[in-house]
Amino acid sequence: MLRSISRRTALTGLAAVSAAALLSACSDSGEQANAATPKPAEPATPAATPAAPATPAQAVKVPEAQGTVDMAKLLEAGSLPDMIIGKADAPVTIVEYASMTCPHCAHFHETTLPALKTKYIDTGKARLIYREFPFDPLAEAGFMLARCSKDNYFPMVDVLFKQQQNWAGSQNPKDALLQISKLAGFTQESFEACLTDQKLLDDIRAVRARGENDFKVDSTPTFFINGKVYKGAMTIEEMSAVIDGML
């Protein structure tokens, strides 16, 4: 789906996207175009537990990493500036690749991220780098609107995730996105200007292409925690088990 619209603006692409296709967009639509329902990323796989009885602090299984990447390469600058929450000197760096139309990404941002922020990000123990990995034109449009929000990037992402069912499931997603955008301070003119910005669209697609080609991202959400790969919407307990072992 993504590859077939390579030179069309996001605004033009919105009209051609069905709501049913968007709500299944947590996996590579290019590879699974013929599948009835593309599969989202599986939850992180727990590691084998020791034979000894677990104490309350050990009750959560530590998810098993699904690979590793070169952290220095991962943190190199891309086509767009990274969007970051947290202190630069935090000992743990989490890089998340997500899609705005992925229900599992929305679930993570609504349920896990607030606790992650309170427990680790606000205390200087971890930082989160958020990167765009859109699987469809509507996800691209959502990310473009967030980028056009400038300093309000993360608040816009939060609103779009919280209202995902309202716009991603709408029969008229353009109008639904416009109404949300107006509440965030957009006008009709600035909304359309944002969604017809071909350079911005190309840059967002380049962020995705880099994740796919250099770091083998093929589903969302995908997390890189100090270079270790975890796929699926992790719970705060699972993330804590991983992060605590790195502190």
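This is a short tour of the structure, stop by stop, with something to select at each one.

**The whole chain**

Start with everything shown as a cartoon, and keep in mind that this is a predicted model. The chain contains 11 helices and 5 strands. Of its 247 residues, buried ones make up 49%. Switch on a surface if you like: the accessible area comes to about 11400 Å², and carbon and sulfur atoms account for 53% of it. Contacts also reach across the sequence: among those between residues at least 6 apart, 77% join residues at least 24 apart.

**Strand E2**

Next, select residues 92-98, which form strand E2. Is this strand enclosed or open to the outside? Here 7 of the 7 residues are buried, so E2 is largely enclosed by the rest of the structure. Show the side chains and look at one face, where you will find Val92, Ile94, Glu96 and Ala98. Turn to the other face for Thr93, Val95 and Tyr97; both sides are covered.

Now add strand E3, residues 126-132. E2 and E3 run parallel to each other and pair over 7 bridges. To see one of the matched positions, pick Tyr97, whose bridge partner in E3 is Arg131.

**Thr93, a stop inside E2**

Zoom in on Thr93, a buried residue with a relative accessible area of 6%. Which side chain does the side chain of Thr93 meet in a polar contact? Draw a distance to Arg127, and you should find 3.0 Å between the two side chains. Then show the other residues around Thr93: beyond its close sequence neighbours (those within four places), Thr93 is in contact with Met71, Leu75, Ile129, Phe224, Ile225 and Asn226, as well as Arg127.

**The nonpolar cores**

Move on to the largest nonpolar core, a set of 53 residues. Select Ile94, Met100, Leu116, Tyr130, Trp167, Ile225 and Met239, the members with the most contacts inside the core. In soluble globular proteins, nonpolar side chains tend to be buried together.

Trp167 deserves a view of its own. Leaving out residues up to four places away in sequence, Trp167 touches Met100, Thr101, Leu138, Leu160, Pro173, Ala176, Leu177 and Ile180. There is also a second, separate core, made of 11 residues; among them are Leu74, Ile129, Phe133 and Phe215.

**The cysteines**

Select Cys148 and Cys194 next. They form the 1 disulfide in the structure, with the sulfurs 2.2 Å apart. Which hand does this disulfide have? The torsion about the S-S bond is about 95 degrees, so it is right-handed. Cys148 belongs to helix H5 (residues 137-148) and Cys194 to helix H9 (residues 188-195), so the pair ties together parts that are 46 residues apart in sequence. Compare the surroundings of the two ends: Cys148 is partly exposed, with a relative accessible area of 27%, while Cys194 is buried at 3%.

Then select Cys105 and Cys102. The sulfur of Cys105 has its closest cysteine sulfur in Cys102, 3.2 Å away, which is too far for a bond. Cys105 is buried, with a relative accessible area of 0%.

**The hairpin of E4 and E5**

Select residues 222-225 for strand E4 and 228-231 for strand E5. The two strands pair in the antiparallel sense over 4 bridges. Find Phe223, which stands opposite Tyr230 in E5. With 2 residues between the strands, the turn is easy to pick out; there, Asn226 takes a positive phi near 45 degrees.

**Backbone details in the loops**

Step back to the loop between helix H10 (198-215) and E4, where Pro221 sits. Show the backbone here: the peptide bond from Thr220 to Pro221 is cis, with omega near -5 degrees. Lys216 is found in the loop between H10 and E4 too. Lys216 is not a glycine, yet its phi is positive, at about 60 degrees. Lys216 is also exposed, with a relative accessible area of 58%.

For the last stop, go to Lys150 in the loop between H5 and helix H6 (153-162). Is Lys150 buried or exposed? It is exposed, with a relative accessible area of 63%. Its phi is near 60 degrees, a positive value in a residue other than glycine.

How values were computed: Residues numbered from 1 in each chain as written. Predicted model: local features only at pLDDT ≥ 70, side-chain atom pairs only at ≥ 80, totals over all residues. Heavy atoms only, no water. Core = buried A, V, L, I, M, F, W, Y, C linked by side-chain atoms within 4.5 Å. Buried < 20%, exposed > 50% of the residue type's maximum accessible area, 1.4 Å probe, protein only. Contact = heavy atoms within 4.5 Å. Disulfide = S-S within 2.5 Å. Pairing = 2+ DSSP bridges. Areas by Shrake-Rupley, 256 points an atom, 1.4 Å probe, with all protein chains shown as cover. Polar contact = N/O pair within 3.5 Å; in protein donor to acceptor, adjacent residues only side chain to side chain.
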